[in-house]
Amino acid sequence: MKKLFVKTYGCQMNAYDSAKMADLLAPLGYEAADAPEGADMVILNTCHIREKAAEKVYSELGRLKTLKAKKARDGGRMVLAVAGCVAQAEGAEIVARAPVVDLVVGPQSYHRLPEMIARAAREQGHVLETDFPALEKFDSLAEPSATGISAFLTVQEGCDKFCTFCVVPYTRGAEQSRPPQAILREAEKLAEKGAREIVLLGQNVNAYDDPSSDDTRWSLAKLCEAIAKIEGIARIRYTTSHPRDMAGDLIAAHRDNPKLMPYLHLPVQSGSDAVLDAMNRQHSADDYRRLVDRIRTAQPDIALTSDFIVGFPGESDADFDATLKLVRDIGYATAFSFKYSKRPGTPASTMRKQIPEDVKAARLAALQKELLDQQHKFDDSQIGRTLPVLFEKTARDGGQIMGRTPYLQPVHVKADAGLIGQVRDVAITRRTANSLHGALA
Ligand code: 5AD
Ligand code: SF4
């Protein structure tokens with residue numbers, strides 16, 4: 001067997017893609033390794049969203065160069081591939097700056113990996129594959145082989161929203177939905193392999209729009225309804241959603257579909273109308289408040305989470321205060337927050353009135369303090385309650401297993417590993433820094 005090491009950066013979409021790439025390479029005799037030393041193939045599955053992402057990739061490539069040279073001295077060959085969004089955005093530049101790289105493969109071309117590896121082996125040169133070919137990508141990907149209790153399933157890729165700070169529309173291309181039949185087949189396969197929870201993924205997942213042209217088109221809500229009927233599936237989640245695409249039937253599904261978890265990641269980015277406008281988010285802060293009201297009317301017991309960017313170009317103190325106010329008005333279970341960072345090629349990167357680093361840092365600290373307070377308050381509100389927990393794996397602490405509440409909070413319980421894969425009622429007794437603890441009820 002040849003050894004394959006995949007290093008994943010960034011989002012769940014990338015984690016999913018990494019697993020897919022490993023599946024694709026298994027028939028070529030590659031098996032997963034947990035370190036790059038001595039590997040026959042190393043894939044860096046990169047992410048462009050986080051700050052200094054590209055730089056991190058280059059410094060990792062520097063380290064891998066040494067391992068690759070050692071492998072060659074030992075008479076072997078390490079194929080080095082860069083995949084993901086950095087590959088898509090800077091393909092040619094990567095090869096120029098890091099000749100140690102053999103393959104550059106964009107997110108739309110993973111199904112061609114086996115062919116590319118064969119070609120690279122023949123030519124020993126650099127192979128670039130970062131175009132946006134059409135739809136078939138989804139269907140030529142291999143069937144999932146490994147899966148956990150909670151399994152990701154991509155239903156949609158790409159984004160047409162063009163938020164002015166974001167690279168996704170450029171790196172992942174236009175919105176594309178998979179045909180519902182293929183999604184349901186994959187969900188059934190995952191269930192057969194032991195998945196009890198399906199997490200539907202897409203950069204803009206609630207914009208899911210059945211690509212078939214007749215008038216029986218499927219929405220995300222309808223997809224969730226069909227997946228709920230698959231034997232073995234106990235829970236359904238989806239991420240990430242845009243406020244503009246929160247359709248009425250999806251809101252209703254949070255009330256009517258008991259397998260759809262009461263949890264929604266609905267990024268708002270800012271609470272200031274001026275900033276939202278400059279970000280091209282296409283809604284106001286009050287639009288978002290009204291939307292959350294509608295969602296909570298349908299399902300009062302829903303945990304909301306969000307992403308925030310502080311220090312967007314032109315953001316004033318008053319704009320930032322409006323974000324803090326929105327956070328206090330809404331009340332989040334948890335949230336991610338980032339300092340704005342320039343992405344080459346995006347409109348915001350050339351806007352005047354970029355915000356100084358120290359101002360960004362101060363705003364981020366203030367926002368994260370508020371968000372962490374809310375998270376602790378939300379977690380503490382579960383103490384004393386009995387919640388259904390889906391157990392996923394053994395915990396590091398001996399004799400404990402880890403599961404999740406409907407609100408995605410991790411819970412540690414002293415219980416038999418035989419319960420993994422089952423939903424059990426747990427009486428929540430206390431909270432530590434990042435997880436809840438409880439006992440079987
Ligand atoms: N700067 C800072 N944060 C960003 N995000 C996306 N692009 C940028 C950027 N240029 C954040 C957004 C998005 C999350 C996945 O990453 O909040 O929702
Ligand atoms: Fe990026 Fe999300 Fe905006 Fe699309 S909706 S451009 S993925 S931030």
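1. Start with the β16–β17 hairpin. Strands β16 and β17 are joined by a turn of five residues, and Leu 408 in that turn has a positive phi of about 75 degrees. Bear in mind that this is a predicted model, so the phi value is a property of the prediction. The two strands run antiparallel and pair over five bridges. β17 covers residues 410-414, and its Pro 410 sits opposite Arg 404.

2. Next, the hairpin just before. β15 and β16 also form a hairpin with five residues between them, and here Gly 399 in the turn carries a positive phi of about 80 degrees. Four bridges hold this antiparallel pair together. If you want a register check, look for Phe 391 facing Gly 403 of β16. As for β16 itself (residues 400-404), four of its five residues are buried, which leaves the strand mostly covered.

3. β15 has another partner as well. It pairs with β18 in the antiparallel sense through five bridges. Leu 390 is the residue to find here, standing opposite Val 423 in β18.

4. From β18 the chain goes into another hairpin. β18 and β19 are linked by four residues, and their antiparallel pairing counts five bridges. Ile 428 stands opposite Gly 438 of β19.

5. Now a charged residue: is Glu 392 buried or exposed? Glu 392 belongs to strand β15, residues 386-394. Its relative accessible area is 19%. Buried means under 20%, so Glu 392 counts as buried. Beyond its neighbours within four places in sequence, Glu 392 touches Ile 149, Ser 150, Glu 197, Met 402, Gly 403, Arg 404 and Ile 420. Gly 403, one of those contacts, is also the residue opposite Phe 391. Arg 404, another of them, is the residue facing Pro 410 in β17. By contrast, Lys 369 is 23 residues away in sequence and 30 Å away in space, C-alpha to C-alpha.

6. Compare a loop position. Where does Ala 417 lie? Ala 417 is in the loop between β17 and β18. With a relative accessibility of 41%, Ala 417 counts as partly exposed. Setting aside neighbours within four places in sequence, Ala 417 is in contact with Thr 394 and Ile 401. Its C-alpha is 9.4 Å from that of Met 402, with the two positions 15 residues apart in sequence numbering.

7. On to the helix that this part of the chain helps cover. α13 runs over residues 357-380, 24 residues in total, and spans 34 Å from first C-alpha to last, close to the 34 Å expected at 1.5 Å a residue. Which of its residues are buried? They are Lys 360, Arg 363, Leu 364, Leu 367, Glu 370, Leu 371, Gln 374, Gln 375, Phe 378 and Asp 379. The elements covering them include β18 (423-431) and β19 (436-440), along with β13 (303-310), α12 (317-330) and β14 (334-339).

8. Two of those covering strands, β13 and β14, also belong to an open sheet. Three strands make it up in the order β12-β13-β14, with parallel pairing. β12 (263-265) and β14 are the edge strands, each with a single partner, so one side of each has no neighbour in the sheet. The twist averages 10 degrees from one strand to the next. β12 and β13 are joined by three bridges, and Tyr 263 stands opposite Ala 303 of β13.

9. Last, a helix pair elsewhere in the chain. Helices α7 (residues 180-192) and α8 (residues 220-228) pack at an angle of about 35 degrees, and their axes are 10 Å apart. The crossing is right-handed. On the α7 side the contact is made by Pro 180, Ile 183, Leu 184 and Ala 187, and on the α8 side by Leu 223, Ala 226 and Ile 227. What kinds of residues make up this contact? Seven are nonpolar, with no polar and no charged residues.

How values were computed
Residues are numbered from 1 along each chain as its sequence is written. Chains are lettered from A and ligands numbered from 1 in the order in which they are written. This is a predicted model: local features need pLDDT of at least 70, side-chain atom pairs count only at pLDDT 80 or more; totals for chains, interfaces and linings use all residues. Side-chain values use heavy atoms; hydrogens and water are left out. Axes are lines fitted to C-alpha atoms, for helices over the stretch in contact, and angles run from 0 to 180 degrees between N-to-C directions. A crossing is left-handed if the near helix is turned anticlockwise from the far one by less than a right angle, and right-handed if clockwise. Contact means heavy atoms within 4.5 Å. Ala, Val, Leu, Ile, Met, Phe, Trp, Tyr, Cys and Pro count as nonpolar, Asp, Glu, Lys and Arg as charged, and the others, Gly among them, as polar. The expected span of a helix is 1.5 Å times one less than its number of residues. Buried means under 20% relative accessible area, exposed over 50%, partly exposed in between (1.4 Å probe, protein chains only). Two strands pair if DSSP finds at least two bridges between them.
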